[in-house]
Amino acid sequence: YESMREALPIIDGAIGMMVTLDGIVRVEGDDAAAVAEIDAWMQRVQVNDAEVGLQAFYESQGNEQYEQGFAVGEWTASADGKGIARLRVADSKGVMFVRDGDVLRTLYRAPPPKQASQNGLDTVEAMLRRTPGLTVAGLVEQDYREIDRRRLIYTVNRPEADGPYGTSLLRSLEETSDTM
């Protein structure tokens, strides 16, 4: 999906428009001092490696959600433990979900550079997702790290049954549906 989006600017623009239509994040309330404090935090919170502001986080998650079908974010506590210092959005191609009893565990490893494969999948993670019997221990051995559920921010677009990966907006395109 990412390659298709890069190759066809109209698709990239359409996803960008969907993210824009989702709206602008803002805070409202009766306590002007509290609103100002929250707004100041929303404007200065670090996002990923090079962005700033809660709006950037919201848009980054929206891009992943519409392109890949879901998005996983994570927050990092400030040094004093009393606030949120940083927000990160995971590259969805590096996210793995594993059912462990009644718990759905989320693991992440930054995906490797694109690799050509004979079956049309371009990353190791995409192949692993289709492999039954994945375990948390097996993924940890492959350098995945578990994201603490208390710091997880998850969004999904049209999930199917109990699958956490959701549905990409690009799935219904003629070119995509012929190859998937």
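# Two sheets, their salt bridges and a pocket

Glutamate 74 and arginine 145 form a salt bridge in which the closest N and O atoms are 2.6 Å apart. Glutamate 74 belongs to strand S3 and arginine 145 to strand S7, so this pair ties together parts that are 71 residues apart in sequence. With a relative accessibility of 13%, glutamate 74 counts as buried, whereas arginine 145, at 40% relative accessible area, is partly exposed. The structure described here is a predicted model.

The strands S3 and S7 belong to separate descriptions below: S3 appears in the order of an open sheet of five strands, and S7 in the order of an open sheet of three strands.

## The sheet of five strands

The order of strands in this open sheet is S2-S1-S4-S3-S8, and the pairing is mixed. At its edges are strand S2 (51–52) and strand S8 (152–156), each of which pairs on one side only. Strands of a sheet pair through backbone hydrogen bonds, either parallel or antiparallel.

Both senses can be followed around S4. Strand S1 (residues 46–47) pairs with strand S4 (residues 84–89) in the parallel sense, over two bridges. Here glutamine 46 stands opposite arginine 86 in S4. S3 and S4, in contrast, run antiparallel and are joined by five bridges. In that pairing alanine 77 is opposite isoleucine 84 in S4. S3 and S4 also form a hairpin, with six residues between them. Glycine 81, in the turn of this hairpin, has a positive phi of about 75°.

Helix H4 (residues 54–68) lies across S1, S2, strand S3 (70–77), S4 and S8. The helix runs at about 150° to S3.

## The sheet of three strands

The other open sheet has the order S5-S6-S7 and antiparallel pairing. Strand S5 (95–100) and strand S7 (145–146) are at the edges with a single partner strand each, so one side of each is left without a neighbour in the sheet.

S5 and strand S6 (residues 103–108) are antiparallel and joined by six bridges. Methionine 96 stands opposite leucine 107 in S6. The hairpin of S5 and S6 has two residues between the strands, and glycine 101 takes a positive phi near 70° in this hairpin.

S6 is joined to S7 by two bridges, again in the antiparallel sense. Tyrosine 108 stands opposite arginine 145 in S7. Arginine 145 is also the partner of glutamate 74 in the salt bridge described at the start.

## Salt bridges

How many salt bridges does a search of the whole structure find? The search finds seven. Three pairs, including the one already described, are set out below.

| Salt bridge | Closest N and O atoms |
|---|---|
| Arginine 26 and glutamate 28 | 2.8 Å apart |
| Aspartate 49 and arginine 88 | 3.7 Å apart |
| Glutamate 74 and arginine 145 | 2.6 Å apart |

Arginine 26 is exposed at 62% relative accessibility, and its partner glutamate 28 is exposed at 60%.

Aspartate 49 and arginine 88 form another of the pairs. Aspartate 49 lies in the loop between S1 and S2, while arginine 88 is in strand S4, so the pair ties together parts that are 39 residues apart in sequence. Aspartate 49 is exposed, with a relative accessible area of 72%. Arginine 88 is partly exposed, with a relative accessible area of 33%.

There is also a network of salt bridges that links Asp100, Arg105 and Glu146.

## The second largest pocket

The second largest pocket has a volume of about 170 Å³. Its lining consists of Asn48, Asp49, Val72, Gly73, Glu74, Arg88, Val89, Ala90, Asp91, Tyr108, Arg145 and Ile147. The elements that give two or more residues to this lining are S3 and S4. Which of the elements gives the most to the lining? The answer is S3, with three residues.

Several residues met earlier return in this lining. Glu74 and Arg145 are among the lining residues, and these two form a salt bridge. Asp49 and Arg88 also line the pocket, and they too are joined by a salt bridge. Another lining residue is Tyr108, which stands opposite arginine 145 in S7.

How values were computed:
Residues are numbered from 1 along each chain as its sequence is written. This is a predicted model: local features need pLDDT of at least 70, side-chain atom pairs count only at pLDDT 80 or more; totals for chains, interfaces and linings use all residues. Side-chain values use heavy atoms; hydrogens and water are left out. Two strands pair if DSSP finds at least two bridges between them. Helices (H or I, at least four residues) and strands (E, at least two) are DSSP runs, numbered from the N terminus. Contact means heavy atoms within 4.5 Å. Axes are lines fitted to C-alpha atoms, for helices over the stretch in contact, and angles run from 0 to 180 degrees between N-to-C directions. A salt bridge is a side-chain nitrogen of Lys or Arg within 4 Å of a carboxyl oxygen of Asp or Glu. Buried means under 20% relative accessible area, exposed over 50%, partly exposed in between (1.4 Å probe, protein chains only). On a 1 Å grid over the protein atoms alone, a cavity is a set of points where a 1.4 Å probe fits but cannot get out, and a pocket is an open set with protein on both sides within 12 Å along at least five of seven lines; lining residues have an atom within 4 Å of a point. Grid points are joined across faces, edges and corners, and a volume is the space filled by probe spheres set on the points.
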